[in-house]
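Thanks for sharing this one. Here are some notes to read with the structure open beside you.

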Number of protein chains: 2
Amino acid sequence: MTRSPKGPDDRRVDPLLEVREKRRGKRPGDAYVRIVRPFEDAFQRGGDEGELIATERTVLGRPGWTRFLRKLRTFLIGRPIHSEREEHERLTKVKGLAIFSSDNISSSAYGPEEIMRVLALAGTGALTLTLPLAGLISVMLAIVTLSYRQTIKAYPKGASSYIVASDNLGSGAGVLAAAALLIGYVVTVAVSVSAGVAALTSIVPELYEPRVLVGSAMVAFLMVGNLRGIRESGTIFMIPTYAYIVVMLGIIGYGIVRTLAGDVAQFEAPAAWEGVEQGGQALGLFLILRAFSQGAVALTGVEAISDGVPAFKPPEWKNARTTLTWAAIVFAILFLGIAYLLTTIGIQHDPFQQQTVLSLLVRHLTGDGAVLVIAQVSTALILILAANTSFADFPRLSSFLARDGFLPRQFAFRGERLAFTTGIVALSLMAIGLLFGFKASVSGLIPLYTLGVFLAFTLSQAGMLTRWWRRREPGWRAGLAINGLGTLTTAVVALVVGGSNFFAGSWLVIVLVPLLMLLLMAINRHYRDMDNALALDRIPDTGEVAPQPIVIVPISRLDRPARQAIAFANSISREAVAVHVTNDPAEADAMRERWPAWAGSTELVVVESPYRALIGPLLAYMDALQRQAPDRPILVVLAEFVPRHWWENLLHNQTALRLKLRLFARRNTIVADVPYHAPRS
Amino acid sequence: MTRSPKGPDDRRVDPLLEVREKRRGKRPGDAYVRIVRPFEDAFQRGGDEGELIATERTVLGRPGWTRFLRKLRTFLIGRPIHSEREEHERLTKVKGLAIFSSDNISSSAYGPEEIMRVLALAGTGALTLTLPLAGLISVMLAIVTLSYRQTIKAYPKGASSYIVASDNLGSGAGVLAAAALLIGYVVTVAVSVSAGVAALTSIVPELYEPRVLVGSAMVAFLMVGNLRGIRESGTIFMIPTYAYIVVMLGIIGYGIVRTLAGDVAQFEAPAAWEGVEQGGQALGLFLILRAFSQGAVALTGVEAISDGVPAFKPPEWKNARTTLTWAAIVFAILFLGIAYLLTTIGIQHDPFQQQTVLSLLVRHLTGDGAVLVIAQVSTALILILAANTSFADFPRLSSFLARDGFLPRQFAFRGERLAFTTGIVALSLMAIGLLFGFKASVSGLIPLYTLGVFLAFTLSQAGMLTRWWRRREPGWRAGLAINGLGTLTTAVVALVVGGSNFFAGSWLVIVLVPLLMLLLMAINRHYRDMDNALALDRIPDTGEVAPQPIVIVPISRLDRPARQAIAFANSISREAVAVHVTNDPAEADAMRERWPAWAGSTELVVVESPYRALIGPLLAYMDALQRQAPDRPILVVLAEFVPRHWWENLLHNQTALRLKLRLFARRNTIVADVPYHAPRS
């Protein structure tokens with residue numbers, strides 16, 4: 001410790017860091033020169049008094065052990081971005097369709113297959129129901145689209161189910177919708193990535209075995225990309241969606257022409273598939289409902305456009321709802337077209353899940369050539385883009401929730417790249433967890449998916465119903481009718497999905513959504529309680545001076561760290577006392593003997609601990625001091641040794657750590673850590 | 001925070017906690033009465049000035065969240081024991097034999113089986129070699145015993161290989177022996193417990209499946225017992241050893257009489273064993289050496305008595321070596337007797353490891369009756385007792401090592417029950433790890449066991465050689481010859497064991513022992529470096545006053561915790577400054593506006609952070625302050641919120657935690673935590 005015999009305490013430090021220069025004396029020899037330029041390039045002066053503005057250097061240029069982490073971070077996600085540089089570019093309808101409807105449109109890649117997988121349980125003959133069910137789902141989509149067109153108009157600043165339900169049905173319904181949506185977003189990532197991997201494994205079978213790892217790598221890629229703060233408006237994001245639409249429309253057109261011409265052979269299942277799955281179930285209502293449920297996943301993409309309304313060019317709501325309509329039409333054409341071809345040609349699904357039915361269809365029509373590769377790659381790309389929509393929606397929704405005190409505040413904090421770091425990382429980890437838990441199986445994940453989303457839909461639609469009824473604005477009757485039909489449809493679908501898939505997985509959602517809702521409410525209650533308890537808004541400063549603390553310095557031996565701690569204690573209190581707890585009376589005698597020469601006038605109290613405990617006697621001693629002066633806090637000054645290497649911490653400070661944990665729980669107690677840094681040798 | 005308008009700072013607190021009573025004024029109305037009895041029953045006054053002695057109440061009676069843990073601890077291991085109550089009862093030879101030689105004698109329960117298991121690889125015919133090998137091992141034991149009789153005489157205060165090797169061959173050899181012994185003790189526990197479990201599963205086959213858990217439960221039982229501070233001298237510990245000796249001698253005698261009389265049928269292996277193991281290996285030298293190695297495990301118990309010399313009644317060394325001789329004789333009789341009967345009757349080992357050969361022998365001689373149960377139970381008990389010797393030796397050796405700075409200091413600390421808590425817990429965890437890793441298989445564990453122990457033997461014997469040579473005391477030539485033979489024997493056995501079992505597991509020891517040795521040396525070097533760097537022995541107090549710290553209080557909002565922290569900062573410094581880092585200029589303006597009414601005259605510095613980072617700008621600000629006054633430390637006062645429930649910590653203090661981690665690494669920085677306890681609602 002550096003000590004100045006003159007006592008520098010009279011030189012006050014200027015907290016506003018003025019640049020100053022002082023000279024005393026004339027000749028260089030006896031001159032006392034202090035040139036302080038503390039600003040350097042770390043701060044600029046703000047306009048108001050007492051205001052400093054940090055520069056990028058305060059974030060990037062820190063020395064020390066975090067430098068490596070910083071470099072890694074900069075490599076992965078780039079340099080920090082200034083708050084003012086937030087993007088405000090708006091989307092045209094063409095771009096909006098590409099970006100927000102990828103979730104919706106990409107469902108056509110796996111929707112028909114999921115219907116067929118259930119129907120096949122009643123034998124291949126039942127597969128003829130695929131097309132009618134696809135038609136029914138398209139009708140549902142039309143109803144939901146019509147309903148959401150109204151929602152978008154009513155909430156041009158973002159029509160998330162959380163907002164619509166909170167606004168009209170109260171905070172409880174909003175939180176319920178939010179819980180359902182949060183789970184839905186996580187499953188969206190897992191489902192889309194799994195389907196994307198399946199599209200790839202259809203042409204590269206070697207990827208089937210490590211499919212969970214391939215999917216996790218995709219999620220990690222999306223995570224890093226989103227932590228960088230991907231600009232959603234980038235033109236590059238248009239490519240997968242339009243490529244998929246064009247390729248699929250082409251294949252469907254080609255397929256329809258050829259089937260109408262009658263020159264497409266019927267599909268024949270390979271001999272190896274024979275008897276792998278039992279087709280012996282009866283084709284009852286339950287099976288049809290389950291098939292419908294699996295297919296209803298196709299509707300889940302509607303929420304994405306509603307969330308993103310403010311991102312469109314003005315008039316936002318008009319552009320958004322036109323885009324929504326277009327997305328629904330494109331989806332319906334692809335979905336029905338694929339379903340038509342599948343049933344006409346009689347394609348069956350691969351019981352080994354090595355190939356998707358879409359790849360079987362394309363291969364059947366065009367063979368093992370370039371078209372197949374293009375179709376599968378564009379399918380995989382749009383599916384990854386669909387997963388990416390959740391990477392925009394989940395962090396945004398969780399930031400709303402954090403802002404309203406339903407999630408820890410970290411979720412509302414924008415990271416260095418203006419992205420909601422905590423939300424992005426949480427989403428990625430949970431999605432990877434699902435991939436591992438469900439072995440990247442689309443069929444296994446879908447029962448988790450649809451129910452949550454339809455629950456949110458229903459709450460949002462019911463919110464709109466209430467809104468029409470309360471406001472009775474012009475045209476409210478028509479609006480009421482449309483949203484009423486929407487509410488009914490989505491509620492029925494939710495019930496069908498929940499019921500028919502109960503044992504297949506939707507029970508998990510039925511358990512998780514209320515639990516998550518309770519968690520969100522508990523967090524909210526906690527924050528509200530604490531805000532009430534801690535708020536000081538109305539209490540003015542009384543000018544009273546707080547009582548000075550009683551200062552004690554527990555020391556274990558006479559060494560440099562101990563002396564540094566005692567010096568600090570003496571610098572802030574005239575009555576600091578060193579306390580030595582020991583189980584060895586002889587050692588205590590030795591210490592007492594050397595004490596005066598070592599520590600000067602500072603008082604030493606030796607507490608003998610014949611039960612060898614350290615913390616108990618120290619706390620009891622503090623209690624006794626406290627009883628003498630109940631109104632003064634006790635400041636415990638701890639000497640801590642900072643070793644050169646992190647692993648050396650295992651050899652030091654174990655007791656200090658335990659002591660701090662106990663002191664943290666003690667009222668009226670302040671702990672000061674005085675670190676002694678190991679000398680560099 | 002309680003504030004007294006009169007400022008109580010002038011009432012000095014008495015650090016020695018005198019009971020005092022002050023009265024001012026005469027009438028009760030205006031009397032200022034302060035009766036302080038801070039002692040209550042927590043402390044007694046010590047003889048010297050400034051000395052307090054803690055009572056048991058300081059350990060037991062603490063209020064707070066640790067009370068439950070304390071109750072659990074008291075239930076499991078009992079109330080704390082006063083240092084003065086350490087047991088000093090000495091052992092007679094009869095008790096010493098029971099307690100220290102259980103490790104040695106119990107080896108006879110599994111030693112013959114391990115020899116047979118290897119020999120059987122060359123077909124059942126090779127089993128006839130069991131008896132000759134047992135004879136060879138008995139000769140080895142005689143040599144080692146003779147050798148160790150000298151070591152015990154030379155080191156009456158404890159003849160641990162660590163001490164003998166350190167003393168004569170230098171600290172490096174000592175640490176090498178210690179590393180080998182530490183590993184040996186861990187394996188002793190695992191082997192003995194595994195063999196104990198095998199003795200039980202022979203009569204209760206249902207325990208075979210969960211044998212790892214049964215073994216782990218035994219280790220946990222030993223751990224709790226030793227944490228309670230088992231008195232090694234308890235008569236109860238005599239029972240298993242003598243019961244085993246008596247039962248086995250009886251069975252051997254009975255068996256020999258009956259086989260000599262010719263009325264014992266040859267053993268016939270059950271049909272199910274047929275062809276389970278290949279017996280096709282040639283009976284070469286390598287196989288015989290391996291069989292010998294497996295059997296050499298029987299010698300490993302010698303170290304236990306040597307370690308325990310000081311526990312015997314005086315003359316300690318005489319009693320100890322007599323006991324050692326008796327232990328060797330008893331062991332040899334049992335070992336040879338069992339081997340004789342096994343080969344004569346032609347018992348084979350169970351390839352399914354469901355029954356030990358000892359239980360097969362007893363069953364063959366006496367049937368499925370009470371004798372079998374008694375034999376197996378007494379075998380299991382002596383094996384558990386054998387494991388218990390390691391629970392005495394490992395913590396003791398590790399406390400020696402910790403005292404000499406080769407292990408973290410916690411290993412030298414005696415817990416509330418005077419046991420070396422850290423060593424006991426570490427041993428238990430590692431032994432349970434081995435049980436899981438080797439599925440409680442004696443055969444799998446033994447290759448790890450023998451090598452380490454023989455390495456330590458060799459070093460100890462070599463140390464004795466050096467000692468004779470250097471001192472040339474009377475009789476040194478005979479001593480040299482005996483210990484020379486001992487060194488040679490143990491070295492050869494170590495080489496044979498290491499070589500023949502290399503791929504069976506001893507490679508692990510060959511890797512681990514040097515690694516552990518390097519670790520011990522590294523820890524020692526670290527402690528020595530630090531002691532040199534931190535020692536203050538020669539530096540007297542200069543009476544200088546350390547410079548006062550620069551005090552800053554980072555605050556995130558205007559709430560009660562923040563104000564409490566500012567009040568503390570003001571109570572120890574006249575120039576404390578509050579620092580608010582924010583990324584929201586509007587919020588900063590609002591805070592600045594309310595500041596004067598809220599905080600009075602304390603200065604507020606607002607640091608705007610347009611990159612939204614908190615820690616970087618704060619550290620940069622501290623750097624700038626530091627540049628103005630390089631010789632003053634910076635005290636960072638942190639307001640911390642102490643929630644009512646531990647899980648609520650997840651919603652608070654995350655940033656404070658990260659900040660503290662960074663501040664810990666900054667030089668010249670002191671961190672004070674001012675906890676604000678959540679009000680009980």
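The points below deal with one strand and its partners, and then with some aromatic side chains.

1. A word on the source before anything else: this is a predicted model, so please read each value below as computed from it.

2. I would start with strand 7 of chain B, residues 603-608. Is this strand enclosed or open? Five of its six residues are buried, so strand 7 of chain B is largely enclosed by the rest of the structure.

3. Within chain B, strand 7 pairs with strand 6 (residues 577-582), in the parallel sense and over six bridges. If you would like a register marker, B:His580 has B:Val606 of strand 7 as its bridge partner. The connection is worth tracing by eye: the chain leaves strand 6 of chain B, passes through helix 21 (residues 585-599) and arrives at strand 7, and this β-α-β crossover is right-handed.

4. Which strand of chain A pairs with strand 7 of chain B? Strand 4 of chain A, residues 51-54, does so, again in the parallel sense, over three bridges. Here the register can be read from A:Leu52, whose bridge partner in strand 7 of chain B is B:Val607.

5. Turning to the aromatics, the count over all chains comes to ten aromatic pairs. One of them joins A:Phe454 and A:Phe457: the ring centres lie 5.3 Å apart and the planes meet at 75°, which is over the 60 degrees needed, so the pair is edge-to-face. Both residues belong to helix 16 of chain A (residues 442-471), where they are three residues apart, about one turn of the helix.

6. How accessible are these two rings' residues? A:Phe454 has 0% relative accessibility and therefore counts as buried. A:Phe457 also stands at 0% and counts as buried. Together with A:Tyr148, A:Phe454 and A:Phe457 form one aromatic cluster.

7. A second pair to look at is A:Trp469 with A:Trp476, with centres 5.8 Å apart and planes at 75°, so this pair too is edge-to-face. The two residues fall into separate accessibility classes: A:Trp469 counts as partly exposed at 48% relative accessibility, whereas A:Trp476 is buried, with a relative accessible area of 14%.

8. Finally, do have a look at two arginines in chain A. Over which ring does A:Arg472 lie? A:Arg472 lies over the face of A:Trp469, at 4.0 Å from the ring centre, so that tryptophan takes part in the pair of point 7 as well. Elsewhere, A:Arg211 lies over the face of A:Tyr208, at 4.3 Å from the ring centre.

Terms used. Residues are numbered from 1 along each chain as its sequence is written. Chains are lettered from A and ligands numbered from 1 in the order in which they are written. This is a predicted model: local features need pLDDT of at least 70, side-chain atom pairs count only at pLDDT 80 or more; totals for chains, interfaces and linings use all residues. Side-chain values use heavy atoms; hydrogens and water are left out. Buried means under 20% relative accessible area, exposed over 50%, partly exposed in between (1.4 Å probe, protein chains only). Helices (H or I, at least four residues) and strands (E, at least two) are DSSP runs, numbered from the N terminus. Two strands pair if DSSP finds at least two bridges between them. A crossover is right-handed if, with the strands pointing away from the viewer, the path from the first strand over the helix to the second runs clockwise. Rings of Phe, Tyr and Trp (its six-membered ring) pair if their centres lie within 6.5 Å; planes under 30 degrees apart count as stacked, over 60 as edge-to-face and the rest as tilted. A charge sits over a ring if NZ of Lys or CZ of Arg is within 6 Å of the ring centre and within 35 degrees of the ring normal.
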